[in-house]
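Student: I should like to go through this structure by asking how each description is justified. Please set each value against its definition.

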Amino acid sequence: MAATAKSLPQPRARVAEHEDPRVHLMHDPRPRGEMNDMVLESMHTATWRYWIATGTLTFLVLTCFVFAWYYLIANGLGVAGVNRPVYWGIFLVNTVFWIGISHAGTFISAILRVMKIEGRRPFTRAAELMTTFGLVQAGASIFMHMGRVWLAYWLFPFPNERGLWPDFHSPLMWDFLAINTYLLCSTMYLFLPLIPDLAMVRDRAKGWQKIPYRILALGFRGTEGEWKNLHTAMNIFAFAIIPVMFSVHTIVSWDFAMATRPGWSSTVFGPYFVIGALHSGMAAVAIVLFLIRSTMKNMKYFLRPEHFNLIGMLMLLVSMAWAYFYFNDYLVPWYGGDKWEKILQEFTEKGPIWWLWYVMLICNVAIPWLILWRKKWRSTPWLLAIVGVFINIGMWIERYVIIPEALTINRMPFTWRIYIPHVEIFLTIGTVSLFLLLYMLASRVIPLIPVWEVQEGQESHTLRRVGKAELSTLTNIE
Amino acid sequence: MARRFFNALNQPLGRIGVFIALLAVFSGVVWGIVQTQKPPEQPIQFPHNLHVGLGIQCLYCHSGALRGPSPGIPTETKCWGCHQQIPIQGTELPKLAAYVENDKPISWVPVAQVPDFVHFVHRPHIAAGLNCENCHGNVAGMTVYQNPQVINMGWCLKCHRQKAQDNPVLYAKLTDCGTCHY
Amino acid sequence: MSPEISRRDFLKLASVGAATTAALTGCGPASRYVTREPYVKMPEYNYNGLSTYYATTCRECSAGCGLVIRTFQGRALKVEGNRDHPVNMGKTCPRGQITLQGLYNPDRVTDPLHRKQRGSNDGEKMDWDAAVQVVTDALTHNQPNEVAFLLGMTPDHLFDMVSDMTKAMGAPAPIRYGAPAMFESRATLVQAAQTVFGQAALPSFDIGGADLVVSFGANFLEPWLSQVSQTRGYRNLRQGTPNHRGLFVQFESRMSQTASKADEWIPNKPGTEAVLALAMGRIIAEARGLPLPPAFATADVNQAASQADINADDLKRLATILGNAQRPLVIPGGQALAQSNGLQTAQAILSLNAFLGNLGKAGGVYLSPIAPLEDAYHRPASAKEMADFVGTLKKGAVKVLFVHGVNPLFELPKSLSFADALKNVPQVISFATFPDETALEADYVFPDHHGLESWGYQKVATGSNASVLSGAQPVVSPFHNTKATVDLLLAASQAAGGQIASALPFKDELEYIQSKLSTMLSNANGFFTAPEINSFTAYFQQHGGWWSTGDDRLAPTAADALNANIGASVSQFDGDGEFFLLPFVSPTLAEGGANKPWLQELGDPTTTVMWNTWIEMNPQKADEMGIQDNDIVTIVSPFGALEAPVYRYPAIRPDTIAIPFGQGHTAYGQFAAKRGVNPVDLLPQKYNEAGDLAYAGVKVHVQKTGRARKLSKMEGVLGVYGFDAKQ
Amino acid sequence: MANDLQLPVFTNTSEQEVSGKWGMVIDQDLCTGCQACVAACSMENNVPFVGEEDANYGRSMHWIRIERFWSGTFPEVKMTPYQPMLCQQCHNAPCEPVCPVFASVHSASEDTNLQVYNRCVGTRYCANNCPYQVRVFNWRDYTDARARPWLTSLQNQLSPDVTVRRRGVMEKCTFCIQRIHQAEQVAASENRSIADGDVTPACAQACPADAIVFGRIDDPNSRVSQAALNARGYHQLDELRTTPRITYLHGASNGSNG
């Protein structure tokens, strides 16, 4: 391999502390075989706790997802809490929420990969999985929301003898296409970096288990050419998927921004929704990483405080950005003086469910700002996970405030009514548990840690003694 | 192992197997569609050909077609109007006689049906100069009536589009959703 | 009309089929197994694929509006107004529209029943011959004076027939009653007309012709006398004459639907209408510089204003406006007459009209035209007469009681204890179409056809300039195994033989009606004439009745009305409660609508409440008492108590609470039973001098129960009453 | 916000926008709130009733509702004139562009807003976007007689001219389009064009105060066009530029000492 050395910029403070560089994963290398075994072990060990958790989740999915949805379809949306004027309820809240979750995955792996942030290496895959599984929940929520879901295929443009096509004026149509595109891209993007690891698993798997991995690994043998093609493909995808990702949530926001409703038709919604998505997404990554680290074997080696520190910083950053955009979105109606917008704001702050609004602000702004300043706290996995939980609650409520609560107020005051969810609650639990279940199953089928990326990173990092200080140097492996 | 499977598929026999499987699926679908399209059992095997052959106008029995949405299916009253003067013979007439004796209605099964959400009205179509056989086919050649073609929206539209090609106002009217669906 | 129809429901099937096909592609397969069961021997005209329209008369109330029913293949599909009919001129009220849900109501009495035990829901079915036998025995085995008929406000031909029958057999004449009559205080109006105009007729108020209408509690835009024609009058008052919008002032302690359309609503204290009317008369007289008529002599303006708890200046101002109006009209009605001084109130107001000089003038007071087949206006029984009748029942003087078209157990004040009276009647025979409370207490139920299935006529009491006999005919053949009561009684009287048989030599209802109509053949005033009865009947059916072409209203004269001193004073109230109780007829349900689901789902015009009874209470007062919306309160009057949720109604006097009448059935079908409460439970045993019930003459206590029940409303409370109001 | 800035509305200003075809005038001065129109509409258009609970939860299916508001407190309390609210049949209807499957679509020939029940998939976007909140959704199977046995006899009155809607589809006032078609067919068979007064929707036909006038607004002499010239005329939420086809005539807000 052609190796060109260049020194990493090192903050002076770091050097002064004389900290042991081996706290960094990149400087704490282990033999390849051992590392692969560690990953495989974590993949293959299923404790009784694991089975209990899986069982409960399966039960929850069957009751709160499968049965509840059947019940909904069989009896019509009357069993949900939607009414006039709140025609869109928690279903849409969940949709937007899960799309948001799905954002962080791509954001982390794609953007960080493009920007060559080395800290990303161990947890890109965990994030990418979130994207795919999150989108599944988002899609399911949209279908739950439809009055006649068995006709959902009419949203596909397919030629028919009636000469009927979907209406491409409709933001819902854009939404539909955007989400499909995103699901496709993110799945591919999840699969590409997976190939070498699958090959690795294939080589170590025995008996029938070989077959699926052999098929999935596409005969990857790790030759120069294969690596080269893989890198090229991944770079292309990494660059290509970023605009897709931004467009998706912008388009989701257009569902609302395009409507002639107080609180909805706002031009800032595009970026605002993207930031909101990242906000909840980053938090979700933190939670997931904490769970993986604390429940799976050997993960303490791969996922280290430094990584939580990195995520923590991103969370703080995004939280500030979100606060800024929310302030924008709040300022315009407040200052703009449109009658209906004013009533709506009054309603959110003083109405029967005024507390939602304050909970949202506390969870989304106050808590992260108070906690994430300190590196020590940032690097504490469990603390970060708790903050993540709060942020996700806050972001879910934010969507709730935007959809059902804003829908309560329209230009016909005679029809204003409060929305009281019924079966939606179960379906929400259902989507969450389905997400977790898929994740848990995946954790035992594919390596959650992109071993080859870590190894690549460790190979390219070396320590070089310059005078007293030990400097970390990075070799670009081409 | 998996490779062996795929190799097997590559053999001529394997290909034939795949072909047969696809064929089975396809024919199953076709069969299902055919089932929905086939004419239902009628209480009496009414010989249209005979009656039309005798020169009886369609509108004599299906009189509603002139002014109303539905042409109507005649009751035994109408049948009996003639048939009480004709000797009861063959297999079907006794059934009719039985209906009349027991004072029971003949529960005909409408065949040329459109769904409830389609409001087909005969009146304007006849006013537009269409004849019964334009849509109902050569009834003189049928015994029990069955539709000459699938009655679906594509079929309706085809004709509507042709009719109104050169007249934008009429075209708007004839291709308007609200013309049939309300 | 049409021969027997077998029951069909192809539309339901079709919709099911539609669902299945819709699930496929949105376009159906070529054939579906939807079989429609046609008529046996279906008449040709039902196979032309066209709708058939029949003219008939609405039976939801006694106004006698003409309807045109659209029928298709033997089913009644839609009610439309009869354009030529002088009462409603093509318009209808909601009850008229929804009468179809009565016709196809799932709870109708389907067969003649013999009820072994009164009050029990189950009765054994019997055939009509047996029914005829039962009636025959009832007529023959009892002394004539032991037979009593209690009939409703509709239909008139039944009333006539029963009158003839009772006359023939020497039995007491049938008693006629209905809750509307009670709430309209017809007896009071007629009595007042008698004393003021010297004619016992129903006054007719030409609202449309007036340029200023002052109404004392008259809810003429609600079920009161003739809603549709009065609403038409209101239209003409407002927009009838170009560039001149007539004014309308309402004195009422609660803003009723009618008052909500008034330019000014004056919330006066209940029972002070008489003094107010006289005071206005006095003001006008003084303003015109006329000698003060004795009628107004006793009036004292300021005292009246203070008694009525209104601003004296307002009173003066309005009086001046009234005095300067070119075509002023003052209407008495509603709660104003339902007081101990109701009769004086009516007299005072009628004589105020007389003083204003609008008698028999456009926009003034007339006397309603005498209906055909009538010599004079025969009003239904007043509450007092009903009380006497109940008394006779209690004494056990009546051995068999026939009930038709009225539901006394629901419509009479509880304090009359009609239920006990019924216990002393050995045999009760009800002809109810629906299983109402009284039918449930009857030994036999011989269901009459629904109004749309029956022949008949209705003598229009008021609401049109012409004298009208509104004709009814079956628009569909009977849906159930029911029998026209007139047919039943005719058959019974034939079987009874003797005088009755000879007095009623008719083979069926239609023949009886024709015998009545035959007297009108020679009447040249009608808009049609016919040489002989059959063609006359044909026209009668075709046009939905007979009416004269001219204006038959009588111009009243009040020679010395103003010289009589009307000793009007503030009315007396029973009970020592802190609230005046104001029961009013529910504008959407009226007295008989509770069993029709769509009427239940129509929002009340002023409160938008559906499906339930509510208690209207002033919000400020409610705040004092700590009562929120939907809080259930107990209302205690000296005569009873009831519980219902509160609706904080902004436009009602703080010292008044109002309850709609129409709900609170214990039977009467699944949509009506056990729904809401019935204000008649609270009503006093108290009558004005005309014998009408002083139903607004009681004061009640209100207590919180601590419980609450959500009222179903059209309005979203958030938007109408603000975020802090409870939904 | 955006919708209340005086921005130009980008839309095709076709003939119809100027002339329109069918229109209505509602005189709030005459409307007595008696609900006859609501009843007539429901009877004509097979509108189902939903029962007490659902009605209270804002799921009643009225195609036309009568609104009224209060101002002030006793004794200076006033009620705004009754305001019948039904589909305004906008020319620039906000409900149309948002439907992904063309179920809410503009009628080119009648210039009304159509709701194609069998095409509707129930996203309810149109209802969200309708500023007048006049679209009602079939939350349950309100017309299913198997689940609601009492309907079996009530459904004998269902009109065969109007589709019986099932669970999961949106619906709204159609200007009684079935009557429009009928009149057109009759006129066509008599070789004439529709005359003023040939078509009357159920609500206008029933209204005892004759507060609702319906007809061709592209015919300047029609009764409705004349009525629309009234100085009291206005459009609901005109600032949204939806060009509604219903003109309201102001009524005097009434009440005590008014």
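Student: What makes strands E1, E2 and E3 of chain C an open sheet, and in which sense do they pair?
Tutor: In this predicted model, where local features need pLDDT of at least 70, side-chain atom pairs count only at pLDDT 80 or more, and totals for chains, interfaces and linings use all residues, the three strands follow the order E1-E2-E3 (chain C) with antiparallel pairing. Strand E1 (52-57) and strand E3 (75-81) of chain C are the edges, each with a single partner strand, so one side of each is left without a neighbour in the sheet. Strands are DSSP runs of E with at least two residues, helices are runs of H or I with at least four, and both are numbered from the N terminus.

Student: How do you know that E1(C) and strand E2 (residues 66-72) of chain C pair?
Tutor: Two strands pair if DSSP finds at least two bridges between them. E1(C) and E2(C) have six bridges in the antiparallel sense, so the criterion of at least two is met. As one example of position, Thr57(C) stands opposite Gly66(C) in E2(C). The twist in this sheet averages 30 degrees from one strand to the next; axes are lines fitted to C-alpha atoms, for helices over the stretch in contact, and angles run from 0 to 180 degrees between N-to-C directions.

Student: Which strands of chain C stand at the edges of the sheet with the order E17-E18-E19?
Tutor: That open sheet of three strands, also antiparallel, has strand E17 (456-459) and strand E19 (545-547) of chain C as its edge strands, since each pairs on one side only. Its neighbouring strands are turned by 15 degrees against each other on average, direction ignored. Strand E18 (residues 468-472) of chain C pairs with E19(C) over three bridges in the antiparallel sense, and Leu469(C) has Trp546(C) in E19(C) as its bridge partner.

Student: Why is the pair Arg245(C) and Asp29(D) called a salt bridge?
Tutor: The term requires a side-chain nitrogen of Lys or Arg within 4 Å of a carboxyl oxygen of Asp or Glu. The closest N and O atoms of Arg245(C) and Asp29(D) are 2.7 Å apart, so the pair qualifies. Side chains of opposite charge can pair when their charged atoms come close. The rule finds seven salt bridges across the interface of chain C and chain D, and 67 in the whole structure over all chains.

Student: What separates Lys95(B) and Glu92(B) along their helix?
Tutor: Their closest N and O atoms are 3.1 Å apart, and they form a salt bridge. Because they are three residues apart in helix H6 (residues 92-102) of chain B, about one helical turn separates them.

Student: What makes up the contact of chain C with chain D?
Tutor: With contact meaning heavy atoms within 4.5 Å, 85 residues from chain C and 70 residues from chain D take part. The two chains bury about 6300 Å², 56% of it on carbon and sulfur atoms; buried area is the accessible area (1.4 Å probe) that two parts lose on being put together, summed over both. There are 34 residue pairs in polar contact, both at pLDDT 80 or more. A polar contact is a pair of N or O atoms within 3.5 Å; within protein, one must be able to donate a hydrogen and the other to accept it, and residues adjacent in sequence count only if both atoms are side-chain atoms. Helix H8 (residues 227-240) of chain C gives the most to the side of chain C that touches chain D, with eight residues.

Student: How many residues does the contact between chain B and chain A take from each?
Tutor: It takes seven residues from chain B and six residues from chain A, and the two chains bury about 580 Å², 71% of it on carbon and sulfur atoms. The count of salt bridges between them is zero, and so is the count of residue pairs in polar contact, both at pLDDT 80 or more. Helix H9 (residues 153-163) of chain B supplies the largest share of the side of chain B that touches chain A, four residues.

Student: Where is the cis peptide bond of Pro85(A) found?
Tutor: The bond joins Arg84(A) and Pro85(A), with omega about 5 degrees, and Pro85(A) is in the loop between helix H3 (48-75) and helix H4 (90-114) of chain A. Residues are numbered from 1 along each chain as its sequence is written, chains are lettered from A and ligands numbered from 1 in the order in which they are written, and side-chain values use heavy atoms, with hydrogens and water left out.
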